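This report concerns one predicted protein model. Please examine the sequence and the structure shown here.

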Amino acid sequence: MNVRIEDSWKQRLQEEFDKPYFAELVRFVKHEYSTQHILPPAKNIFYLFDVCPFDKVKVVIIGQDPYPTPGQYYGVCFSVPEGVVIPPSLENIFREIHNDLGTPVPQSGNLDRWVEQGVFSMNAVLTVRAYQSGSHRNRGWETFTDAVIKKLSDEREHLVFMLWGSYAKAKIPLIDSSRHLILTATHPSPRSADYGFFGCRHFSKANEYLRSNGIEEIKW
């Protein structure tokens with residue numbers, strides 16, 4: 001498959017692109033884009049991979065699937081474009097960062113500033129029908145993104161994996177805990193943030209771990 005994706009990722013993921021499941025996924029996604037309103041815009045499906053090279057990744061955040069509201073999702077999990085209202089889960093993430101590190105709450109929900117520092121915030125499913133949450137689950141994306149997680153675990157060292165909620169925690173078997181730091185909490189959504197996300201201090205813990213391994217910390 002010929003996608004716009006940074007070379008370090010393309011080389012490592014070519015074997016996934018060449019597998020039968022991915023060919024089937026491509027057929028499904030192309031048909032959906034031609035017949036339905038699909039998010040993100042097609043050119044942004046692999047946006048995160050294109051702007052955050054494999055060797056630059058420091059922190060991995062795993063989400064489930066994209067925001068289904070048009071105008072919100074552009075390829076980075078939890079992030080929204082500049083000027084778009086900050087969604088509730090991201091509001092809670094900012095609140096926890098403020099409580100954890102004392103930094104001001106950002107006015108913008110665009111997380112490209114994190115991505116540029118090596119925060120790889122990836123949904124397990126990379127496309128969705130507008131207004132239909134979960135509509136592209138179990139079509140092959142999860143197989144692909146599981147391979148991405150395993151590739152990061154196997155070929156990198158001293159990464160921080162932030163796994164929020166039961167769906168993300170289910171990815172733990174893909175990660176070598178002897179090589180990386182795994183941080184778990186409830187999901188930051190308003191339904192669950194009070195039950196373990198607030199107070200998790202993942203952001204200071206991540207920075208402490210990075211510093212202890214000689215890696216520049218993230219300016220959250």
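The text below treats a central strand, a helix and a pocket.

The model is predicted, so local features need pLDDT of at least 70 and side-chain atom pairs pLDDT 80 or more, whereas totals for chains, interfaces and linings use all residues. Residues are numbered from 1 along each chain as its sequence is written, and side-chain values use heavy atoms, without hydrogens and water.Strand 2 (a DSSP run of E, at least two residues) has five of its five residues buried, where buried means under 20% relative accessible area with a 1.4 Å probe and protein chains only. Val 59, Ile 61 and Gly 63 lie on one side, and Val 60 and Ile 62 on the other. Its pairings, which require at least two DSSP bridges between two strands, are listed here.

| Partner of strand 2 | Sense | Bridges | One bridge pair |
|---|---|---|---|
| Strand 3 | parallel | five | Ile 62 with Met 122 |
| Strand 5 | parallel | four | Val 59 with Val 160 |

Helix 8, residues 202-212 (helices being DSSP runs of H or I, at least four residues), has buried residues that include Phe 203, Ala 206, Tyr 209 and Leu 210. Strand 2, helix 4, strand 5 and strand 6 are among the elements that cover the buried residues of helix 8, by contact of heavy atoms within 4.5 Å. Just after helix 8, Gly 214 has a positive phi of about 75°.

Of the 27 residues that line the largest pocket, Asp 65, Phe 78, Ser 89, His 187 and Arg 191 are the closest to its centre. A pocket is an open set of points on a 1 Å grid over the protein atoms alone, with protein on both sides within 12 Å along at least five of seven lines, and lining residues have an atom within 4 Å of a point. Helix 7 supplies the largest share of the lining, four residues.

Key: Buried means under 20% relative accessible area, exposed over 50%, partly exposed in between (1.4 Å probe, protein chains only). On a 1 Å grid over the protein atoms alone, a cavity is a set of points where a 1.4 Å probe fits but cannot get out, and a pocket is an open set with protein on both sides within 12 Å along at least five of seven lines; lining residues have an atom within 4 Å of a point.
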